[in-house]
Amino acid sequence: QLHFVESGGGLVQPGGSLRLTCTASGFTLDDYAVGWFRQAPGKGRDEVSCINYIHGNSVGKKDYADSVKGRFTISRDNTKNTVSLQMDSLTPEEAAGYYCGAIRRAAACVATDVNYWGQGIQITVSS
């Protein structure tokens, strides 16, 4: 049985940090590009960050939306079958539902190509 679950969300003050983790079971994330997306009420689901799948000697290319470069860091833990997103210096405008999506053997994270979605987790940034 396949499961893909986000954890680590919640309430944080402006300027604070959160670490989101996506945990897979029933399939191996090494074979998937994994992206973090966010969706605010009434808006579309936008890519925040993506880590490429592991192939050859690649450790996984990482991409970030311009708005989060230098503040967010995506990483894999192959032993735990997880992908995490460290988010620093959060702003109230970044409050949204955050979703992880896995795309098999992909070089980029496109929402319409996602094979597996997590259920989503809410981030609230407020004082």
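Asp 31 lies in the loop between strands E3 and E4, and in this predicted model the residue is a convenient place to begin reading the structure. With a relative accessible area of 17%, Asp 31 counts as buried, because buried means under 20%. Leaving out residues up to four places away in sequence, Asp 31 touches Tyr 53, Ile 103, Arg 104 and Arg 105. With one of these, Arg 104, the side chain of Asp 31 makes a polar contact through its partner's side chain at 2.5 Å.

The charged pairs come next. Side chains of opposite charge can pair when their charged atoms come close. The structure holds 6 salt bridges, and the table lists some of them, with the distance taken from N to O.

| Salt bridge | Distance, N to O |
|---|---|
| Arg 38 and Glu 94 | 3.3 Å |
| Asp 66 and Lys 69 | 3.1 Å |
| Glu 94 and Arg 71 | 2.5 Å |

Glu 94 appears in the salt bridge with Arg 38 and again in the one with Arg 71. Arg 38 lies in strand E4, which covers residues 32-39, while Glu 94 sits in the loop between strand E8 (82-87) and strand E9 (96-104), so their pairing ties together parts that are 56 residues apart in sequence. Both Arg 38 and Glu 94 are buried, and Glu 94 counts as such because its relative accessibility is 4%.

The salt bridge between Glu 94 and Arg 71 has its closest N and O at 2.5 Å. Since Arg 71 lies in the loop between strand E6 (62-64) and strand E7 (72-77), and Glu 94 in the loop between E8 and E9, this pair ties together parts that are 23 residues apart in sequence. Salt bridges that share partners also join Asp 31, Arg 104 and Arg 105 into one network, which brings the description back to the residue with which it began.

Are the partners of the salt bridge between Asp 66 and Lys 69 buried or exposed? Asp 66 is exposed, and Lys 69 is exposed as well, whereas Arg 38 and Glu 94 are both buried.

A last residue to consider is Thr 23, which lies in strand E3, residues 18-25. At 33% relative accessibility, Thr 23 counts as partly exposed. Setting aside its neighbours within four places in sequence, Thr 23 is in contact with His 3, Phe 4, Val 5, Lys 80, Asn 81 and Thr 82. Thr 23 and Ser 84 are 61 residues apart in sequence, and their C-alpha atoms are 8.7 Å apart in space.

Notes: Residues are numbered from 1 along each chain as its sequence is written. This is a predicted model: local features need pLDDT of at least 70, side-chain atom pairs count only at pLDDT 80 or more; totals for chains, interfaces and linings use all residues. Side-chain values use heavy atoms; hydrogens and water are left out. A salt bridge is a side-chain nitrogen of Lys or Arg within 4 Å of a carboxyl oxygen of Asp or Glu. Helices (H or I, at least four residues) and strands (E, at least two) are DSSP runs, numbered from the N terminus. Buried means under 20% relative accessible area, exposed over 50%, partly exposed in between (1.4 Å probe, protein chains only). Contact means heavy atoms within 4.5 Å. A polar contact is a pair of N or O atoms within 3.5 Å; within protein, one must be able to donate a hydrogen and the other to accept it, and residues adjacent in sequence count only if both atoms are side-chain atoms.
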